[in-house]
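The exercises below are to be worked with the sequence and the model open side by side. Each task is followed by its solution in steps.

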There are 6 protein chains.
Amino acid sequence: MIEFRYLKPAGQAIFKDRYTKKAKELLTTWTKGKTISYGIVGLPLSKASISHSGAAFAPTAIREALQSYTVYSGEQTFDLHEEIVDFGDIEMHPTDINDSQKRIRIGLSDIFKQEDVKNWFLLGGDHSVSYSAIKAFREQYGEVGVIQFDAHHDLRNTEDGGPTNGTPFRRLLEDKVISGENLVQIGIRDFTNAKAYHTYAMDHGVTVYTMKQVRDQSLSNILTNEIITLAKRVDAIYLSVDMDVLDQAFAPGCPAIGPGGMDSVTLLQGIYDAAQHDLVKALDIVEIDPTLDFRNMTSRVAAYVLLEFMKGKSIGNKSVYIT
Amino acid sequence: MIEFRYLKPAGQAIFKDRYTKKAKELLTTWTKGKTISYGIVGLPLSKASISHSGAAFAPTAIREALQSYTVYSGEQTFDLHEEIVDFGDIEMHPTDINDSQKRIRIGLSDIFKQEDVKNWFLLGGDHSVSYSAIKAFREQYGEVGVIQFDAHHDLRNTEDGGPTNGTPFRRLLEDKVISGENLVQIGIRDFTNAKAYHTYAMDHGVTVYTMKQVRDQSLSNILTNEIITLAKRVDAIYLSVDMDVLDQAFAPGCPAIGPGGMDSVTLLQGIYDAAQHDLVKALDIVEIDPTLDFRNMTSRVAAYVLLEFMKGKSIGNKSVYIT
Amino acid sequence: MIEFRYLKPAGQAIFKDRYTKKAKELLTTWTKGKTISYGIVGLPLSKASISHSGAAFAPTAIREALQSYTVYSGEQTFDLHEEIVDFGDIEMHPTDINDSQKRIRIGLSDIFKQEDVKNWFLLGGDHSVSYSAIKAFREQYGEVGVIQFDAHHDLRNTEDGGPTNGTPFRRLLEDKVISGENLVQIGIRDFTNAKAYHTYAMDHGVTVYTMKQVRDQSLSNILTNEIITLAKRVDAIYLSVDMDVLDQAFAPGCPAIGPGGMDSVTLLQGIYDAAQHDLVKALDIVEIDPTLDFRNMTSRVAAYVLLEFMKGKSIGNKSVYIT
Amino acid sequence: MIEFRYLKPAGQAIFKDRYTKKAKELLTTWTKGKTISYGIVGLPLSKASISHSGAAFAPTAIREALQSYTVYSGEQTFDLHEEIVDFGDIEMHPTDINDSQKRIRIGLSDIFKQEDVKNWFLLGGDHSVSYSAIKAFREQYGEVGVIQFDAHHDLRNTEDGGPTNGTPFRRLLEDKVISGENLVQIGIRDFTNAKAYHTYAMDHGVTVYTMKQVRDQSLSNILTNEIITLAKRVDAIYLSVDMDVLDQAFAPGCPAIGPGGMDSVTLLQGIYDAAQHDLVKALDIVEIDPTLDFRNMTSRVAAYVLLEFMKGKSIGNKSVYIT
Amino acid sequence: MIEFRYLKPAGQAIFKDRYTKKAKELLTTWTKGKTISYGIVGLPLSKASISHSGAAFAPTAIREALQSYTVYSGEQTFDLHEEIVDFGDIEMHPTDINDSQKRIRIGLSDIFKQEDVKNWFLLGGDHSVSYSAIKAFREQYGEVGVIQFDAHHDLRNTEDGGPTNGTPFRRLLEDKVISGENLVQIGIRDFTNAKAYHTYAMDHGVTVYTMKQVRDQSLSNILTNEIITLAKRVDAIYLSVDMDVLDQAFAPGCPAIGPGGMDSVTLLQGIYDAAQHDLVKALDIVEIDPTLDFRNMTSRVAAYVLLEFMKGKSIGNKSVYIT
Amino acid sequence: MIEFRYLKPAGQAIFKDRYTKKAKELLTTWTKGKTISYGIVGLPLSKASISHSGAAFAPTAIREALQSYTVYSGEQTFDLHEEIVDFGDIEMHPTDINDSQKRIRIGLSDIFKQEDVKNWFLLGGDHSVSYSAIKAFREQYGEVGVIQFDAHHDLRNTEDGGPTNGTPFRRLLEDKVISGENLVQIGIRDFTNAKAYHTYAMDHGVTVYTMKQVRDQSLSNILTNEIITLAKRVDAIYLSVDMDVLDQAFAPGCPAIGPGGMDSVTLLQGIYDAAQHDLVKALDIVEIDPTLDFRNMTSRVAAYVLLEFMKGKSIGNKSVYIT
Ligand SMILES: [Ca+2]
Ligand SMILES: [Ca+2]
Ligand SMILES: [Ca+2]
Ligand SMILES: [Ca+2]
Ligand SMILES: [Ca+2]
Ligand SMILES: [Ca+2]
Ligand SMILES: [Ca+2]
Ligand SMILES: [Ca+2]
Ligand SMILES: [Ca+2]
Ligand SMILES: [Ca+2]
Ligand SMILES: [Ca+2]
Ligand SMILES: [Ca+2]
């Protein structure tokens, strides 16, 4: 538009500093055949949620939040410079939730086949999307270890409501997509689960860390140990971050908020630590409802989670995992 | 992206009905040499406002509101089908308001020179943008008649604050961009102006209709008469719609809300009537602050104003203006 | 709890005036074999909505709003005294929307078979519930005339999303539950529908009144004429009130708000007029999302709609419909 | 502070136009012995309210709203120029509501004795303050006629809760402060009162106009007739404006909102008409809860009510009341 | 309602998982003669508050919050299984605050006489309710030790406003309901109290822990020591939890919020520790105003406080208090 | 106003306890020639902000927040008793931001010349005000050391937007108002700055502490060391507190919120520590936008910051800085 002075595309960020690169500027579109570090896909499904949820708006909110942050880590004195290919969102069916879940699996399968992409960011949506995503991931990557950050087990029976956001890990175990010993649940909270599902977890060999254990043992230690253990058994590790693992003071925009959770610094450090292991190849973020949030605080944490993951990958397999 | 089933670009509208065209879909980008009916330009300046104002967010909010409406008029049983070229927004200077206003004038001058565009939609911003816009408009179109919908005269002196949103019509008169007899102010409200400025209006031959007069005489009659009168003297007519002409119940998102204003049906009918005259070639909408609004109600009215203008243009010079 | 002084059940209304009966106190529970005037059923489904909707919360919000009003009409100087049997809500399936819609139809069929109940209030939910409700109603009552208050036709094709809230009247026509000549749509708004669906309405003999026609001809006249006409052809008349027929200033809590709609006094008077005809036996209220509303304003209008219906019924077949 | 350039007192209005006088600038402090047109007193009591109410914040909110408007009437082309002496607020007792009500009566008696003040503005608070205010007013001015704008009768029994905001006119009648024939209630709404209190009104000779009557007969006619009638019997007329007489779309900040009420233009015109009669000497505004309002809309209407009253007084006994 | 398929009572929770018991399901109604572990009573008084307070809505909000949590403690791997008898709320007088306070005392006395109930949960209300509650408690249980979690001393003089929420502990001391040495105040914050009241506390032998002391010495240590000390002197210990002891980030819904307070994990752990002592028999929670809160966060903490108390009681007198 | 019982000035605090002195009561007006401890000036400029900011409302909000706190420190058992002279606010130019910044410098120069004032509180506004304030401060006090609490370097180039809130420390360095070695930045956060500006800081000898360093080394240690070092080189130390140094959970009302920041207890303790050094003579607080805040939480922290500074000064040069 060279004829027109002072014009810029409608609706873009008001201010541009020539030396500042916003994290959102890392987002690019896909070109076949090029090796890239990160791919991102939105999974805007929240009709599968037991409670009323606007988590379908989160993929957009999290991408927007990337505009609030830059690519520069002062702690490490480097820029995140690798692009994130934004594949867009999987399109949901307005009235057929099962079909929407199938679309997520098929759509991600198609995308995961792009072997040029090294790491995946999957933006929910309610937690039911993790079933479809992990199933597609397992098809491509082989045996999968899952580290689930969550206040809840998400091991509910499916008779009482079908494939809701309370069931993804139950369904993954029952469908043998993952085995119980390869599932680690971190941040499980009191008065937020049923005894039957804790028992189910124990019976199936799931590893469970309550919030008290996180406080007593430190997330960093827990993660290091569990990743080293998983790495012996699996081909790839998938992090599933249900934002309600955080205390309500730090993540006010999750449907199921409450006290007694993790603080955000701890979570961010944990993601940074985990991402340093080569086998950690995918991360989903779920259960953020931007319509309930205050000033997109929770999506801002989500954006930070992505950046800490990338920071960890930039450090690489160096310190914690070398024995 | 044909390799990937179910994918759609990130963040787009969730539902698409194949028979429904959203008004926002009329927006296109500019191609030189093609005759088009409507051009739209955003003027995101609100630092010139006397009171704290987020009107700089309105161009985006109004464009978004076009996504909530369709192109179809059931009253007239036709589709609005002519495209609206979206030229984008004029880029503002972060700390030099005078420069921002100059940019609006220069940027619009460049754009108005595209003689292929027949009608203009200019989206403020606070009302100070109308000075720059009308100045650029006058340079291109010749003698201009202005019909200002507003609770306020906007004829303040400029010593007390420079070129604020209280001054655009004072500055247009003083700089002889328009003459007082070619300025019609509609919707002026009690206890919302100073006597000095009413007197100024009278002294300069400005035509003023208070809200009581609008109620007693009907907006439709007022507009028809004034447009017929203006048409004898001017080359083009410019409508300047300060949304605070509406009552606070109908436009809760203007900075200067109050009771006693116009209802939205009256305004929309008025815009429809006015647009039917060939000389009416431009419309600006100003003083919407989306950060103060409730559910973007006021931007929704603004989107409707654009559509009613287009509906009127589709009817054309037929009924009211043929004598 | 006679041992305990000053105790009252938890959470009840703070103040009780011995001479004031709240409209909510008319709600009773069902006893077989007793003739009653009004039955109420909640249809808390909003996952069928094209846009994000919390309309599932409306049945509770509307019942609560009945607590804000009394049974006394000063205009008519009588108390509404007939009880409203509250049958409760139809239980929805968390992840199977088609099943939820089937449950509405089956559940209402069971209830409608209680021939002791003379009039029905059905509280949605999004507008998709009207398909199921009218289907069940038709099975019990015979040929049905429907008067739909709505800004939209709701005649969308079902290929693009299944049985959403945009399709109920299309599906009723296609499944021959009602015939087009027995469907009257009132309040249809510009830029809120697609041409294809207006055409569909015309092709199927649907009677359509736009908002302009409502303003020009008066709702009262329209309703009287249409009810007299329908009464010659049908066994019962069903009013379907999509609250978005109101202007956004009067119903800020509907998902699809906009300017140019009806004011609430007009709607309330219309319901009062319509209810006076004996064949009018059912009313649904849909498309209120309490999570978007301001101070439950829209649910308050809904509660008033119920009361005006009852006021009309108390007047009975007296004035307007006697020829 | 002449030593310091650019300093202004903390927290004052950011912008000052030398030709614009804000209505709030009319507020002055009291000086004994000077004849003044208007006195204003705040009555910040809302603990007497049946429902939770922050109406105690309204005196401050209404005074602030005067800052949003000017003294100039373009309809009449004159400035309101007479000062309003602000006597401040009556101080309430934190835990003794009866004492607070007594303080209002005693405090206002002291103030009303200043015979130099011609008209009074009393800013509630909940409606219970009108009992105390009218009692003090009657002591000073003799026989009083009251015109009450209200959706409610406020004639509740006092056994069920003491001197609440539902009882002021009952108590005034029972204590013979005013007689029923000198009480006119305007705007009474369906489903907002109990039959017992309508009957009480009738039995005591109270004149009642429902909203339907206001719509059918016009407020202007009603007021003119009633004021002429009252003027034959009383020494002074007191207007009591419960803001919930307005429809919820126009006064969203009242505790007891609902549809079917008056619009604000009608109310403002009515106050203007009424104030033109010499015997109209006092006006209270009650039942605005700024903590529930949207952008102080309801307090803005209240500020306008004061200004319309003053505009009417400036016109004086000229037109409507001369026979 | 066996005739009607798919029906459920109006307004109940949308989703039911057969294996999950919500904490709210522990609530039952009272039956004479049965030994029960917990009784709950609502004390919805907030008109005694110095500042505007909607704490009267808290009993309902806290009970509702119990619906968000389950009975299962994963930390302890047991279900809370003992019922909580909900006695309902004490009914307040609309305009007589002293009478309301008397009703609390009398009403609780009646209830406390049910010797079958072992522990009490009392839900305020502003802090003034603790005076009445502790007075009734002392009558039944003998010498009482009180551990008050609070940012404030609540030892104000009563001349300046009567029995407000600033005075309960002053009145308890002056009326010799408790002795100063049996009152422990924890969480007292800088710039939140007056020197006179700190001095009063010291003069009367009250034990005071500031927030700095809580940080330096750990709440757990403080509580253990104080409970052991109190247990030598008193017959029962009463915990009074003013939620404003928490930092504003963790309890945004208290009227008197501020920085520098306790975090919620610390408080919850403290309640759990304290409840393990047999003499701890009652807990009140006060000063939550749900109308000011964000997403009922503060009521959610309150619900958790009840559950941690129950968890502590389930552990019993085992660890910390056995010497 | 002795004639009038129960009257108090309009709008003042509802409750007064005779023994409680609110922090706001320390505010007094200036009298020449009297030695005073603290002066306060408001700098209500936020039009220089890169992003939309209502920080111009913060000076009023912070002063109001002082009304929520008292003068008494229970930790230190003394009252803050020295008055704070409130000089008012510098008046801004509505449309000339450079002029506004010049006014701040000139206005503060005039005020700083009052050598009777020992310490200064400067309330922004966006961070651009610190340039003008520190420039005026340096003119009066000689060589200045600055300790900046901030998530950002604020060392942006000025070509891309002029003297915005991203540039104050760059401009101070370039204009040689301060030298890089005398600037200490504390709380710098990852993904919140550009590499170019970190490099600029390093190249100019600025001392930078990231949030990780703050967590690892403790703020108290960092401050003590840096103040001791600065004290050897400078004549006075100025603390510049950008509230966004705090985590979004503790300061939700800053324009640029995010996770990973400082908690408020740490900041308050740091201010207390720093203020104990005699050379620390000024403190500004910037980047609070009350229109975005929740319940003025962030302004409440700001008020506390002032009080902790005063508490530190009351302790004086005693402990940490004596070597
Ligand atoms: Ca989960
Ligand atoms: Ca979860
Ligand atoms: Ca204007
Ligand atoms: Ca205007
Ligand atoms: Ca519809
Ligand atoms: Ca509709
Ligand atoms: Ca009333
Ligand atoms: Ca009323
Ligand atoms: Ca307390
Ligand atoms: Ca407290
Ligand atoms: Ca800064
Ligand atoms: Ca900053």
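**Exercise 1. A pair of calcium ions in chain E**

How far apart are the calcium ion (ligand 9) and the calcium ion (ligand 10), and which residue coordinates both?

Solution. The model is predicted: local features need pLDDT of at least 70, side-chain atom pairs count only at pLDDT 80 or more, and totals for chains, interfaces and linings use all residues. Residues are numbered from 1 along each chain as its sequence is written, chains are lettered from A and ligands numbered from 1 in the order in which they are written, and side-chain values use heavy atoms, with hydrogens and water left out.

Step 1. The two ions are 3.2 Å apart, and the residue that coordinates both is Asp150(E).

Step 2. List the donors of ligand 9, taking N, O and S atoms within 2.8 Å of the metal (3.2 Å for Na, K and Ca); water is not among the atoms, so sites may look incomplete. The calcium ion (ligand 9) is held by His127(E) through ND1 and by OD atoms of Asp150(E), Asp154(E), which appears twice, and Asp242(E), at 2.1 to 3.1 Å. Along the chain these donors have the spacing H-x22-D-x3-D-x87-D.

Step 3. Place two of the donors in the fold, where helices (H or I, at least four residues) and strands (E, at least two) are DSSP runs, numbered from the N terminus. Asp150(E) sits in the loop between strand E8 (144-149) and helix H4 (168-174) of chain E, and Asp242(E) belongs to strand E11 (residues 236-242) of chain E, so this pair ties together parts 92 residues apart in sequence.

Step 4. Both Asp150(E) and Asp242(E) are buried, where buried means under 20% relative accessible area, exposed over 50%, and partly exposed in between (1.4 Å probe, protein chains only).

**Exercise 2. A calcium site in chain B**

Give the donors of the calcium ion (ligand 4) and locate them in chain B.

Solution. Step 1. Asp150(B) (OD), His152(B) (ND1), Asp242(B) (OD) and Asp244(B), listed with OD twice, coordinate ligand 4 at 2.2 to 2.4 Å. Their spacing is D-x1-H-x89-D-x1-D.

Step 2. The calcium ion (ligand 3) lies 3.2 Å from ligand 4, with Asp150(B) coordinating both.

Step 3. His152(B) is in the loop between strand E8 (144-149) and helix H4 (168-174) of chain B, while Asp242(B) is in strand E11 (residues 236-242) of chain B; the pair therefore ties together parts that are 90 residues apart in sequence. His152(B) and Asp242(B) are both buried.

**Exercise 3. Relations between chains**

Which turn and shift lay chain B on chain D?

Solution. Step 1. A turn of 120 degrees with a shift of 0.0 Å along the axis lays chain B on chain D with an RMSD of 0.0 Å, copies being superposed by least squares on the C-alpha atoms of residues with pLDDT of at least 70 in both. This is the relation of a three-fold axis. Ala249(B) has the C-alpha of chain B nearest the axis, 3.5 Å from it.

Step 2. Chain C goes onto chain B with a turn of 120 degrees, a shift of 0.0 Å along the axis and an RMSD of 0.0 Å. In chain C the C-alpha nearest the axis is that of Ala249(C), at 3.5 Å.

Step 3. Only 9% of the interface residues of chain C are also interface residues in chain B, so these copies meet through different surfaces.

Step 4. Check for chains without contact (heavy atoms within 4.5 Å). Chain A and chain D do not touch, their nearest C-alpha atoms being 19 Å apart. Chain B and chain E have no contact either, with closest C-alpha atoms 19 Å apart.

**Exercise 4. A buried asparagine**

Is Asn182(D) buried or exposed?

Solution. Step 1. Asn182(D) counts as buried because its relative accessibility is 2%.

Step 2. Asn182(D) is located in the loop between helix H4 (168-174) and strand E9 (183-188) of chain D.

Step 3. Apart from neighbours within four places in sequence, its contacts include Glu143(D), Val146(D), Leu230(D) and Arg233(D).
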